[in-house]
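Dear colleague,

I am passing on the structure below, and my notes on it follow directly after. Please read them with the model open beside you.

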Amino acid sequence: MSLEELKYGSDVFNEQAMREYLAKDTVETLLHTMRDRAPLDPSIANEVAHALKQWGMARGATHFTHWFQPLTGSTAEKHDAFYEPAGMAETIARFSGKNLIMGEPDASSFPSGGLRCTFEARGYTAWDVTSPAFIKRHSNGATLCIPTVFCSYTGEVLDKKTPLLRSMQAMDKAVQKLMACFGETGGHADITLGAEQEYFLVDKALWAKRPDLMQCGRTLVGAPPARSQLSEDHYFGSIKPRVLAFMEEVEQELWRLGIPAKTRHNETAPAQFELAPMFEELNLAVDHNMLIMETLRNVAERHGLVCLLHEKPFAWVNGSGKHNNWSVAYKGRNLLDPGSNPQENAIFLAVLASVVRAVDLHADVLRAATASLGNDCRLGALEAPPAIVSIFLGDELTGVIRRLEQGGGEATRGRAEKLRIGVDTLPPIPRDTSDRNRTSPFAFTGNKFEFRAPGSSQNCSGVCMVLNTMVAESMEVLAAAIDKLPKRRFHEGLERVLRAVFRDHGRVIFNGDGYSEAWVAEAKKRGLPNLRNTPEALACQITDKNFELFAKMGVLTPAELRSRHDVFLAEYERKLGIEAKVLQEMVRGRVIPAIEAELRRLAETWQALGILKLSKSAEAMHARAEALDEKLQKVAEGSDALARAMAGKHPDDIVAQMQRLRHVVDCAEGLVSDDLWPMPKYRELLAMN
C-alpha cells in the first residue's frame with residue numbers, strides 16, 4: 001500500500017477526529033489547553049473519554065492503555081479491556097473520564113533511584129493533553145494509547161516526560177521575559193525538535209546465533225572483515241530491495257500515526273541506515289521518536305530482520321547516534337533565524353548569547369544527559385562528537401561575535417560599516433555561509449542547533465530537558481540585565497550586555513577539528529570539561545551548581561535529580577555486568593570448545609605451527625577470562641576499591657579486562673576454520689542483502 005492510499009494520521013485522535021466525535025465547544029476547550037497551555041477543564045473528561053472510546057473501537061481497538069515513559073528509557077503500558085460483563089450473556093464497553101485522566105500502575109516495579117521503596121507501590125499516570133491519543137496496531141487487533149506522565153504517590157516524578165514538560169514551561173516563561181525586553185509581548189515559546197534516527201539491520205537468523213547481540217545489543221567479539229567501511233561505498237548508496245521494502249512498511253506505519261518521516265538513506269557503515277522526520281513541537285517529537293524506535297523494531301521482525309539501536313553494535317565501523325535538531329520560536333518566528341532588520345538581529349544575538357552562556361556554564365550536565373554504556377563506545381572516537389562539549393558557529397558568525405566583543409569593527413559585507421546593534425547599517429547576520437562541522441557536538445546549522453552527542457537508543461527527552469533548563473536560566477539572566485538598561489540608549493547598553501556574555505563565555509566556541517589531539521589540549525587550557533565516560537559524567541549531576549539550576553527553574557527537585565543519577569549509574573553498572581558475563585559465557589561455552597576442536601584437527605594432520613599459535617591463544621584466553629572473573633567477584637563482594645569507585649569513576653579494570661579478552665578471541669577467529677567457528681562473523685552480519 002502506497003502513502004497516497006493511506007490517510008495521514010488516520011490512527012491519531014487529531015483535530016479532524018475531535019471535530020467529528022466531539023461537540024464544537026468541547027473541541028475548542030481541548031484545543032485551548034493543547035495550544036495555549038491553559039489548565040484542563042475536568043468537566044469535559046467524560047465527553048472526551050466517550051469520544052475516544054467510540055473513535056478507538058471504530059478502528060478496531062479492544063483495549064486502552066496509559067502510555068508512559070519510565071526511567072527505564074523505554075515506554076510502558078498496561079492494557080485494560082473496554083468490554084466488561086453486563087449480565088449472564090451480555091457485555092458493555094466502558095471508558096470513563098476517570099479512566100482517561102488517571103491510571104495506577106505499580107510504582108515500585110520501575111526504577112526510582114530511592115524515591116520509592118519496594119513496599120511503597122502506589123503510583124499514578126496522568127493524561128498529557130498536549131500529545132494526542134493514538135492507535136497501536138498488532139496482529140490480532142489494536143489498542144488505544146493515551147500519552148501520560150508518571151509520578152509517585154507522594155508526587156515525585158518517576159518518568160522522563162514530566163521534567164521535559166516542566167522544562168518547556170520554564171523556557172516559555174524565560175522567552176516571554178526576554179522578548180518583553182524588546183517590546184514584544186502576548187506570545188508563547190514554541191520549542192521544536194527534529195530527531196534523526198540512525199540504526200543497523202541484521203538478518204534475524206544470524207542474530208539468533210550471537211548471544212552478545214541477543215542479550216547486549218552489540219557484538220562483544222568479532223574480528224574486522226577484509227571488506228567493511230573502508231570501501232566508503234555504503235553512504236547514500238543504492239538501497240537494497242529487502243531494506244527498501246522494510247523502509248516502505250515503516251513509513252506506512254508512521255504515516256498512519258501522523259509521524260512525518262521525511263528522509264531515508266544508507267548511513268556510513270555497512271548495514272547502517274537513517275530515518276529523519278520533519279520538525280515538530282518538542283513534546284510530540286519526543287513521543288514520536290519513541291514510536292519510531294518501536295516501529296523500526298517491530299517491522300524489522302516481520303521482514304526477518306532485527307533492528308539494532310545500540311550506539312556501537314559492531315567494532316571497527318561507525319556507531320549510531322540520534323542528532324537532536326533543536327530550535328525555539330516566538331509568535332511563529334524562529335528566534336535562531338538571523339534576522340533581516342536590526343530588531344530581529346538584536347533578538348537573534350540575545351538568544352544566541354543565552355545559548356552560548358548556557359552551554360559554557362552547564363556543559364557538564366549536558367554531557368551527562370548523553371551518558372550511557374553504549375554511548376561510551378561511541379563518543380570520542382573518530383566517528384562521533386567528542387566528549388568535550390563545544391559550540392560550532394562557523395567562521396562568519398564567529399567573526400560577527402568577535403567584532404562585537406571588540407566593541408565594533410568593520411563588517412565583512414558591503415561597504416565598511418560599524419557593527420552596532422539596532423543601527424540601520426547593521427549588515428545581515430549570515431546563515432549557512434560556512435561549512436558543516438561533523439566533529440562538533442553542538443553545531444549551529446543556520447536556524448537551529450544540532451546536538452550530535454545523544455546516542456541512538458536514548459530517549460530525546462533527557463537531553464532536551466537539560467538544554468531547555470539551562471538555556472531558560474541564561475535567558476532569564478540576560479532578560480534581567482537588559483531590563484535594567486535605560487530606554488534612551490538601549491542599543492548601546494544591549495551591546496555592552498552581549499559583549500560581556502560573549503567575552504565571558506566565548507571559550508566554548510570552537511570551529512576546528514573536534515577529533516584532534518590538539519583540541520583536547522586546547523580545551524584543557526580553556527577549562528572545558530572532558531568527561532570521557534559515564535560515571536565521570538553522571539557525577540556532575542549531583543553537584544550543588546546543578547541542584548541549584550534545576551530547582552531554580554522548577555524542573556527537578558534535588559531529590560528527583562539525585563534519583564536520576566542513581567538510576568542511570570545503576571543501569572550502567574548492571575549493563576556492564578551483563579556484558580562481562582555474556583562475554584565469559586561465549587568464550588568458555590563456544591570459543592574455547594571451537595579452539596579445542598581445531599587443535600584436534602591440526603594434531604591429526606601434524607600442523608605444528610598452527611597448534612603452537614592456537615595453544616598460546618587458548619592459554620591467554622583462559623588467563624584473561626580468569627582475571628575478569630576475579631575482578632567481577634571482588635566488585636560483587638564490594639571488597640575491591642573499584643566497587644566504591646564506581647560511584648564516580650570509570651571501572652577501567654573491568655572494561656580493560658574485557659578488551660584484552662576480546663583481543664585474544666578476535667585473533668583466534670582467524671586461526672579457526674569457518675566450519676568450526678561457533679558464531680556468524682562480521683562479514684556475514686554486515687552483508688545486509
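In this predicted model, the axes of helix 9 (residues 282-302) and helix 13 (residues 460-483) come within 9 Å of one another and cross at roughly 160°. Since angles over 145 degrees count as roughly antiparallel, helix 9 is therefore roughly antiparallel to helix 13, and the crossing of the two is right-handed. On the side of helix 9 the contact is made by Leu282, Val286 and Asn289, while helix 13 contributes Cys460, Ser461, Cys464 and Asn468. Sorted by character, the residues of this contact comprise four nonpolar and three polar ones, with no charged residue.

The second topic is the aromatic rings, of which the structure holds 20 pairs. One of them joins tryptophan 67 and phenylalanine 134 in an edge-to-face arrangement, with 5.2 Å from centre to centre and 85° between the planes. Because tryptophan 67 lies in strand 1 (residues 61-67) and phenylalanine 134 in strand 7 (residues 134-138), this pair ties together parts that are 67 residues apart in sequence. Both tryptophan 67 and phenylalanine 134 are buried.

Another pair, phenylalanine 348 with phenylalanine 444, is tilted, with 5.9 Å between the centres and 50° between the planes. Here phenylalanine 348 belongs to helix 10 (residues 342-368) and phenylalanine 444 to strand 17 (residues 442-444), so the pair ties together parts that are 96 residues apart in sequence. Phenylalanine 348 and phenylalanine 444 are both buried, and ring pairs link them with Phe442, Phe449 and Phe451 into a cluster.

With best regards

Terms used:
Residues numbered from 1 in each chain as written. Predicted model: local features only at pLDDT ≥ 70, side-chain atom pairs only at ≥ 80, totals over all residues. Heavy atoms only, no water. Axes fitted to C-alpha atoms, helices over the stretch in contact; angles between N-to-C directions. Helix = DSSP H or I, 4+ residues; strand = E, 2+ residues; numbered from the N terminus. Parallel < 35°, antiparallel > 145°, perpendicular 65-115°, else oblique. Left-handed = near helix turned anticlockwise from the far one by under 90°. Contact = heavy atoms within 4.5 Å. Nonpolar A, V, L, I, M, F, W, Y, C, P; charged D, E, K, R; others polar. Phe/Tyr/Trp six-rings, centres within 6.5 Å; stacked < 30°, edge-to-face > 60°. Buried < 20%, exposed > 50% of the residue type's maximum accessible area, 1.4 Å probe, protein only.
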